[in-house]
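The following exercises are to be worked through with the sequence and the model at hand. Each task is followed by a solution in steps.

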Amino acid sequence: KYASEMTGWTVGWFLLFAVIRLGFFRKYSADFSNRVVSIIHAVVAIYYSYLCFENGFAGMFNNVGGPNTEPQQLCMAVSLSYFVYDLVYCSVSGELESVLHHFFTIGGLASGVLHGKSGAELCACLFLMEVSNPSLHLRTLLLEMGLKNTTLFSLNNLTFASVFLACRIVVGPPLVWKTIACPTNDLIVKLGGFGILAVSIMWGWRIVAMFVKEAKKLLGAGETKKNK
């Protein structure tokens, strides 16, 4: 289901990039416009994936390996169309880490959509991946806008680091374990979950360093104002 719609949605992401690039943010780089598209997708994905949780956040670990519900099927199809678009963009731009990340993501989502199962853990994983992405992409937008040395930039960095570490390093591993241990899950879903966790851990040490750096910067600024 949604196979024909996904083609249109994928084309839609490319058209959205073109409108943003050639219209709203022409004076900025192509990467700037792509990140605006990514923020829009993140908001959409967070909304749809949260709707998939049967009992709010407490339902994130329910029905692992079970048949997809209609909201799960829609959520995965919409995001799959986006990741196909972004895989093409990242491949052209030479963003190899993102390409690797997207291969794992697309493999898992495609398996869930085609086989009609594992939607619970795939949508939960999608939520955990996307919830930190608005602040991640906003970071790059602020840099390009010349707002690096501002309190807003530091606060955004702290927000991104906190949410990323909480979702991907704290909540993520138990979900991946349940996904891998589930006997009804396809191998591609298990490999996708493990691969995304591995990439998250690879990024994690850099993000811890960012958190410490920005916390020190904000605390230092506070001390300077107090001394004055």
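**Exercise 1.** Which helices each supply at least two residues of the lining of the largest cavity?

*Solution.* The model is a predicted one, in which local features need pLDDT of at least 70 and side-chain atom pairs count only at pLDDT 80 or more, while totals for chains, interfaces and linings use all residues. Residues are numbered from 1 along each chain as its sequence is written, and side-chain values use heavy atoms, with hydrogens and water left out.

Step 1. On a 1 Å grid over the protein atoms alone, a cavity is a set of points where a 1.4 Å probe fits but cannot get out, and lining residues have an atom within 4 Å of a point. Grid points are joined across faces, edges and corners, and a volume is the space filled by probe spheres set on the points.

Step 2. The helices sought are α4, α5, α7 and α8; helices are DSSP runs (H or I, at least four residues) numbered from the N terminus. The greatest contribution, five residues, is made by α5.

Step 3. This cavity has a volume of about 150 Å³. Among its 16 lining residues, Glu121, Leu122, Cys125, Gly193 and Ile196 lie nearest the centre.

**Exercise 2.** Describe the second largest cavity.

*Solution.* Step 1. Its volume is about 100 Å³.

Step 2. Its lining includes Cys125, Cys167, Arg168, Gly193 and Ile196. Here α7 gives the most, with five residues.

Step 3. By class, the lining has eight nonpolar, three polar and one charged residue. Ala, Val, Leu, Ile, Met, Phe, Trp, Tyr, Cys and Pro count as nonpolar, Asp, Glu, Lys and Arg as charged, and the others, Gly among them, as polar.

**Exercise 3.** Locate the largest pocket and identify the residues closest to its centre.

*Solution.* Step 1. A pocket is an open set of grid points with protein on both sides within 12 Å along at least five of seven lines. The largest pocket holds about 630 Å³ of space.

Step 2. It is lined by 29 residues, and the closest to its centre are Arg35, Ser98, Leu136, His137 and Trp203.

Step 3. Two or more lining residues come from each of α2, α3, α4, α5, α6 (133-144), α7 and α8.

**Exercise 4.** Which residues form salt bridges with Arg35 and with Asp186?

*Solution.* Step 1. A salt bridge is a side-chain nitrogen of Lys or Arg within 4 Å of a carboxyl oxygen of Asp or Glu. The structure holds two.

Step 2. Arg35 pairs with Asp31, the closest N and O atoms being 2.9 Å apart. Both residues belong to helix α2, four residues apart, about one turn of the helix. Arg35 counts as buried, at 17% relative accessibility; buried means under 20% relative accessible area, exposed over 50%, and partly exposed in between (1.4 Å probe, protein chains only).

Step 3. Asp186 pairs with Lys117, with 3.3 Å between the closest N and O atoms. Asp186 is in the loop between α7 and α8 and Lys117 in the loop between α4 and α5, so this pair ties together parts that are 69 residues apart in sequence.

**Exercise 5.** Which residues have the most contacts inside the largest nonpolar core?

*Solution.* Step 1. A nonpolar core is a set of buried Ala, Val, Leu, Ile, Met, Phe, Trp, Tyr and Cys residues joined through side-chain atoms within 4.5 Å.

Step 2. The largest core has 41 residues, and those with the most contacts inside it are Val37 and Phe83. The largest share, 10 residues, comes from α3.
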